[in-house]
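Me: Please take me through the strand pairing in this structure, one step at a time. Then show me which contacts and charged pairs tie the rest of the chain together.

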Amino acid sequence: MRSRPGSGSHAYLAHGPARGVGATGSCSMLIPFSMKNCFQLLCNLKVPAAGFKNTVKSGLILQSISNDVYQNLAVEDWIHDHMNLEGKPVLFLWRNSPSVVIGRHQNPWQECNLNLMREEGVKLARRRSGGGTVYHDMGNINLTFFTTKKKYDRMENLKLVVRALKAVQPHLDVQATERFDLLLDGQFKISGTASKIGRNAAYHHCTLLCSTDGTFLSSLLKSPYQGIRSNATASTPALVRNLMEKDPTLTCEVVINAVATEYAASHQIDNHIHLINPTDETVFPGINSKARELQTWEWIYGKTPKFSVDTSFTVLHEQSHLEIKVFIDVKNGRIEVCNIEAPDHWLPLEICDQLNSSFIGSKFCPIETTVLTSILHRTYPGDDELHSKWNILCEKIKGIM
């Protein structure tokens, strides 16, 4: 089993789902709590908001009741942007339904199998931190440590997680590395790291693999696309392993409780996990707009660093195979240059040029290609042979998107 955390990577580990591991709300430590009251106790906001007035001298442990990746990433953004973290560190616990999450500066076509994700209904998200591509599911625990910029300390956070795990299983061999990963038995990655450091606030997020489907993980995080040239941050493969493979008692619920207990002790705060609803605008003013932005094509795909695709494929013609060459430049997720070269006796040059020009400015995605094919068909009504060739080309091109 391999992961692809990348430089400063995350270890929601780059690959693999664990399906149906207990609902988030099943944690025995979870105490029903009004999040509005919780924040009335906690923080001064940088922007006015009704109900957020008072403060406390310590931090807070929060857990999302949502398993939606966009909603939970929006919580990270909201806390980073709006909470006064001076003397009030926050630990945010969250789990997602199957999702692939790429780093801010990554290329999804290089990092994952987009076609398989579409078939399986797996969401794609781009986070605002750097690092590598990771897989989220209910077998992964996401931990986000919020502090002021001055108190940001990834290694201290990882040591806290190590203490929590050893409190549950003292003989567990878990160590933090110089790359800010957590290794099990000296070789298996169970957690990696990514972070965002703002002007005043910072957060460090990592995950713990408890019970993930390694086969599915590996399939999703293996790009099938050929000929991509890009300067985007690339993920780095690593061997991974679930904690429950080592010790079946290390379920998500047990680990969440252990981390929360250790965090509370380390920061001298109440040992309670407070449930939050990341869609509640009365508690998090403006948060739903943050979640909507994270779901847009312009953010997920359009923020991909400029890249090119230089590849070829064959088509069958009169019992022989013809080579079709394709060169495409993509900027901001849209096709900037398109050069499809086909043998002139199979597809006349002027027709091929028309195909090339039709792609310029379009999104680099299969849905857009399908629409363009329909438009081309209307340009030459009744020419079934030409339609057939265009269909072949467009289906091949969709295969690299």
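Reply: Start with strand E14, residues 228–230, and strand E17, residues 307–317. In this predicted model, the two strands pair in the antiparallel sense over 3 bridges. Find Ile-228: it stands opposite Val-309 in E17.

Now follow E17 to its other partner. Strand E18 covers residues 320–331 and pairs with E17, again in the antiparallel sense, over 11 bridges. Take Thr-314 as a marker. Its bridge partner in E18 is Glu-323. E17 and E18 form a hairpin, with 2 residues between them. Glu-318 sits in that turn and has a positive phi of about 50°. One rule helps when you look at strands: in a regular strand the side chains alternate between the two faces of the sheet.

Step back along the chain from E17. Lys-306 lies in the loop between helix H10 (297–300) and E17. Who is the salt-bridge partner of Lys-306? The partner is Glu-336, and the closest N and O atoms are 3.4 Å apart. This pair links distant parts of the chain: Lys-306 is in the loop before E17, and Glu-336 is in strand E19 (residues 334–341), 30 residues apart. Lys-306 has a relative accessible area of 49%, so it is partly exposed. Glu-336 is at 35%, so it counts as partly exposed too.

Next, move to the charged residues around helix H2. Arg-128 and Asp-77 meet in a salt bridge through their side chains, at 2.8 Å from N to O. Arg-128 is in the loop between strands E6 (123–126) and E7 (134–136), while Asp-77 is in helix H2, 51 residues apart. Are they buried or exposed? Arg-128 has 16% relative accessibility, so it counts as buried. Asp-77 has 5%, so it counts as buried as well. Glu-293 joins them: Asp-77, Arg-128 and Glu-293 are linked in a network of salt bridges.

Asp-77 also touches Lys-290. Lys-290 lies in helix H9 (residues 287–295). Its contacts, leaving aside neighbours within four places in sequence, are Ala-74, Asp-77, Trp-78, Asp-81 and His-82. Lys-290 and Ala-74 are 216 residues apart in sequence, yet 5.5 Å apart in space, C-alpha to C-alpha. At 17% relative accessibility, Lys-290 falls under the 20% limit, so it counts as buried.

Helix H2 matters for the nonpolar side too. The largest nonpolar core has 76 residues, and Ile-79, Val-100 and Trp-109 are among those with the most contacts inside it. Helix H2 (residues 69–82) gives the most to this core, with 7 residues. Apart from it lies another core, of 33 residues, including Leu-93 and Phe-188.

Helix H5 makes a long-range link of its own. Arg-163 and Glu-262 meet in a salt bridge at 2.8 Å, N to O. Arg-163 is in helix H5, and Glu-262 is in helix H8 (residues 252–267), 99 residues apart. Arg-163 is at 33%, so it counts as partly exposed. Glu-262 is at 17%, so it counts as buried.

Last, check the confidence. The chain averages a pLDDT of 86, and 86% of the residues score at least 70. Residues 1–34 stay under 50. Residues 43–56 stay under 50 as well. Where pLDDT is low, the predicted coordinates should not be read in detail.

How values were computed: Residues are numbered from 1 along each chain as its sequence is written. This is a predicted model: local features need pLDDT of at least 70, side-chain atom pairs count only at pLDDT 80 or more; totals for chains, interfaces and linings use all residues. Side-chain values use heavy atoms; hydrogens and water are left out. A nonpolar core is a set of buried Ala, Val, Leu, Ile, Met, Phe, Trp, Tyr and Cys residues joined through side-chain atoms within 4.5 Å. Buried means under 20% relative accessible area, exposed over 50%, partly exposed in between (1.4 Å probe, protein chains only). Helices (H or I, at least four residues) and strands (E, at least two) are DSSP runs, numbered from the N terminus. Contact means heavy atoms within 4.5 Å. Two strands pair if DSSP finds at least two bridges between them. pLDDT is the predictor's confidence in each residue, from 0 to 100. A salt bridge is a side-chain nitrogen of Lys or Arg within 4 Å of a carboxyl oxygen of Asp or Glu.
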